[in-house]
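Colleague: Got a minute? I'd like a quick tour of this one.
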Amino acid sequence: MESVSGNGSGDFPPGTSVSVLKDRRTDALGDLRVLPDEILCTILTRLTPRDVARLSCASSVMYILCNEEPLWMSLCLSIVNRQLEYKGSWKKTALHQLDVLDTYTEACKRTLQFDGFNSLFLYRRLYRCYTSLNGFSFDDGNVERRENISLEEFRKDYDGQKPLLIDGLTDNWPARKSWTSEQLSLKYSDTKFRISQRSSKKVNMKFKDYISYIQIQHDEDPLYIFDDKFAEAAPDLLKDYSVPYLFQEDYFDVLDIDQRPPFRWLIIGPERSGASWHVDPGLTSAWNTLLSGRKRWALYPPGRVPLGVTVHVNEDDGDVNIETPSSLQWCLDFYPLLADHDKPIECTQLPGETIYVPSGWWHCVLNLETTIAVTQNFVNSKNFEYVCLDMAPGFHHKGICRAGLLALDDGGFEHIEKNSMSHENSSNYSDHTRKEKRVRTCQSVENTDNGNCTDMSSCDSLGDLEYSYDVNFLAMFLDNERDHYSSLWSSGNCIGQREFRDWLWKLWVGRPGIRDLIWKGACLALNAGKWYERVKEICAFYDFPSPPQDEKLPVGTGSNPVYLMDDYVTKIFVEGGLEASLYGLGTELEFHHLLCNSTSSLKNYIPSVLASGILVFENGSYRVIPWDGRGIPEVIASSNLITPLHKEVDYPFGVWGKKQFEYQIAGTPSHESGNCGQSSSMWPYIVTKRCRGKIFAELRDNLSSKDALNLASFLGEQLHNLHLLPVPSPSPNHSIPMVIGDCTESSQGNGFSKNTDNPAESELFVSILNRRRNNVTKRLSEWGDPIPSKLIEKVNEYIPDDLSVFFDIFKNETEVCRSLTWIHSDVMDDNIYMTENNISDPCMEENMHVTRSDISNGQKHSWHPSHILDFSDLTLGEPILDLIPIHLDVFRGDSRLLKQFLDSYKIPFLRKESLKNESHGNRSDQLSYRTMCYCILYDENVLGAIFSLWKELRTATTWEEVEEKVWGDLNNYVGFS
């Protein structure tokens, strides 16, 4: 690596013959010589293995850079497409993944040597790969150690306050003896575990292959088993340990195991492996128990960003991304630069010891030898409000929670002042044109004047403001200009919006003793207090009773706040912003008007509308404006905020205007569609009659097989009725032929028209689909796991280039037939009401409804479906679209229930002409193919539901495999003759 021989100082004894080698960097790199080696190596990781191999032939220096083991480790992990087996070097392992190892075996054995080149960057990396960590322990570390601590003392002195090492919690665990590399190899040799590595792909290794790897590897940042699914791969491991008594309070335990965010991990790693600097997801707390080996821990309190760490917070969705060196690199390169007062809290964890890490604390872990551990994250009374705060939309508070006052920009103090004086204002719209990521980091190594990191709390001039990891202080940085109910949810949140509301609701119902705490969390994450005040204003206007204290939390998991009070249900429209909300309410009112004037029996199974209108905040007070959906309300017309697309019709915010609006926002990112998330001073609302009974989501696990089949039949019948309802014309003099096409004889008095000359309306639907198709790869990539990356790469090959082939149009001499119906779009488990079979009348009777607090005692009752709720997502489209949420969410993929539904539905999804075409092999006329494509193009991440329900499909290599497994049964369905 050295180009000159000498005594290290550059001086040579007199008379010594010195041969100075020419630096080959200039000739070998050409213009690239100006780039640091670190940059060149980073660029190489972006290339394919074949391109790197070709580039290595360009020059001697490129040969050196292109044969670095860390480079080939990165390349290999980026192309893993089969079982990962380490072949002695990462270059050989990558060639094995490419099926060319046998071809290049001899080439891998020969290496070239060059003089005249040195690189401090490569030398440091090589040093880290071979360094020994025997002297890295801190037996006199400054994390307090305790044994036999009581629960009361732990909660009083440590919980949510400071880290603690605890001994004796594992004395009775079988894992204390059985969790060794040798013992685990005997039982789980062929079991695959997930590997944690800086790679976009999920990598699994058989345990025997992993043990072979760690015995021979010399990696700077070795592969690390960090498996949150180990209980699925090796369920017996759960029998070897139990949650320590200090950490058994966990509010996430009200969720089913498949609904919980990742919370427990099996951790196995060799010397030099570890976890780099991070704050635990969602500001949860954690405990980590070591069973074998030794770990070195370093910790900083909340808001104290470690030296060398950069925190990025996306201004659109609040997603947090942390750039950090590996734990080994930080200990070697950054730790020595710290002054004593800037050093982290440190300790060495020994076998049998459990470390507690409070919410918000920065920590990194370095394995000093091969270690085996188990860890769990949890939410309890001490950190619940912080977890809820971190879920809230926006970015300021997320940065402050992690980076402290370093995250404040020049307008930070103005933001605090605005929040402290916040009030609702009609012009209160936030600026959504900002795209760049906010970066805040501690002073870098290169910029330190004296080699020491400055005190983190004094890196900026922050006036008299003093940082405090206190929920009231952190809440000052919440973005109150956003409607928290409808704003874009951070993709980095540990739980989704729908799941979060479900979690709060289950806590509210199941643990009434902590409702005050739950309410505080709901106010932080959902602005629940503001919505409660608004619904009380609506109730007061109509002399309806306000929701009582035990009903003040919005119910359900939907994106619009819904409240129960006495015999009434009030829903406030916020999803998608004001314009989307107006179209949501207008379409729902138009539909109810049409339904009430029809002979369809569907009206018996939909709650009746009692009131509707717009709640307005102006001049410091609220005003309620009734509106039945007809015409344009004066408050809207005079505001100049929104211009309806169809002014001349009775319902300007009805379904055709809504379709035009859908076209405008189709394919655009969520934060750019309409005024989604922007705070408004107007909120449409609807009041309906309250159903009695329980929602299906509460009853799912206790329903008998017979009741489940009855539910499937009920849904088939009601969707049959819905899809036969006439659809209003886009203009007073224009009618549209409907779904049943050549089967109109089956409907009764539907008034369908067939005299159109131009199927122009179909172009609107095709355009919406094509817009969604244009960015489908990007959208699926953003959704990520559990959608297989291989399928994402192939999605454009699977979906037709032009979606017009899906819009079921055919012409004959007398008519043009279209697949166009009302679509509910959201028939899910929380939008179906059921009553006990001993109650005969499905309509609400005085004092007969069951409250939310009436929880099932575990005994099975007989239930029948009574109502379908929430028509705010009504639209027009192919009827097959309604089957997607029903099969995936209500039926959970049960083919038996799907068949029962189809037996009751009885309408063909394809017209007779299409069925004829199917015999000629037209792929677009296969129901399974059409439905799978609609799943891919769906606004919501239904693919995530598919790969969660059918876990075996995560290894699928083609979309056809997924199509056949999920929707193959549809190809046998014809409908009535």
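Modeller: Sure. Take Leu120: its relative accessibility is 54%, so it counts as exposed. Keep in mind that this is a predicted model.

Colleague: Why does 54% make Leu120 exposed?

Modeller: Because exposed means over 50% relative accessible area. Leu120, at 54%, passes that cut-off.

Colleague: Where does Leu120 lie?

Modeller: In helix 8, which covers residues 120-130.

Colleague: Which residues make the nonpolar surface patch with Leu120?

Modeller: Tyr123 and Tyr127. With Leu120 they form a patch of about 350 Å².

Colleague: New topic: pockets. How much space lies in the second largest pocket?

Modeller: About 1,300 Å³. Several helices help to line that pocket: helix 3 (49-55), helix 4 (60-66), helix 5 (69-79), helix 6 (90-97), helix 7 (105-109) and helix 8 each give two or more residues.

Colleague: How many residues line the second largest pocket, and which lie nearest its centre?

Modeller: The lining has 42 residues. Nearest the centre are Tyr63, Asn67, Glu68, Lys91 and Thr111.

Colleague: And how do the lining residues divide into nonpolar, polar and charged?

Modeller: For the second largest pocket, 25 are nonpolar, 8 are polar and 9 are charged.

Colleague: Let's switch to Glu220. Buried or exposed?

Modeller: Buried. Glu220 has a relative accessible area of 13%, and buried means under 20%. Glu220 sits in the loop between helix 12 (207-216) and strand 5 (224-227).

Colleague: How far apart are Glu220 and Glu69 in sequence and in space?

Modeller: They are 151 residues apart in sequence. In space, the C-alpha to C-alpha distance is 9.6 Å.

Conventions
Residues numbered from 1 in each chain as written. Predicted model: local features only at pLDDT ≥ 70, side-chain atom pairs only at ≥ 80, totals over all residues. Heavy atoms only, no water. Patch = residues over 30% accessible without salt bridge, like charges linked within 9 Å, V, L, I, M, F, W, Y side chains within 5 Å. Areas by Shrake-Rupley, 256 points an atom, 1.4 Å probe, with all protein chains shown as cover. Salt bridge = Lys/Arg side-chain N within 4 Å of Asp/Glu carboxyl O. Helix = DSSP H or I, 4+ residues; strand = E, 2+ residues; numbered from the N terminus. Buried < 20%, exposed > 50% of the residue type's maximum accessible area, 1.4 Å probe, protein only. 1 Å grid on protein atoms, 1.4 Å probe; cavity = no way out; pocket = protein on both sides within 12 Å on 5 of 7 lines; lining within 4 Å. Points joined across faces, edges and corners; volume = space filled by probe spheres on them. Nonpolar A, V, L, I, M, F, W, Y, C, P; charged D, E, K, R; others polar.
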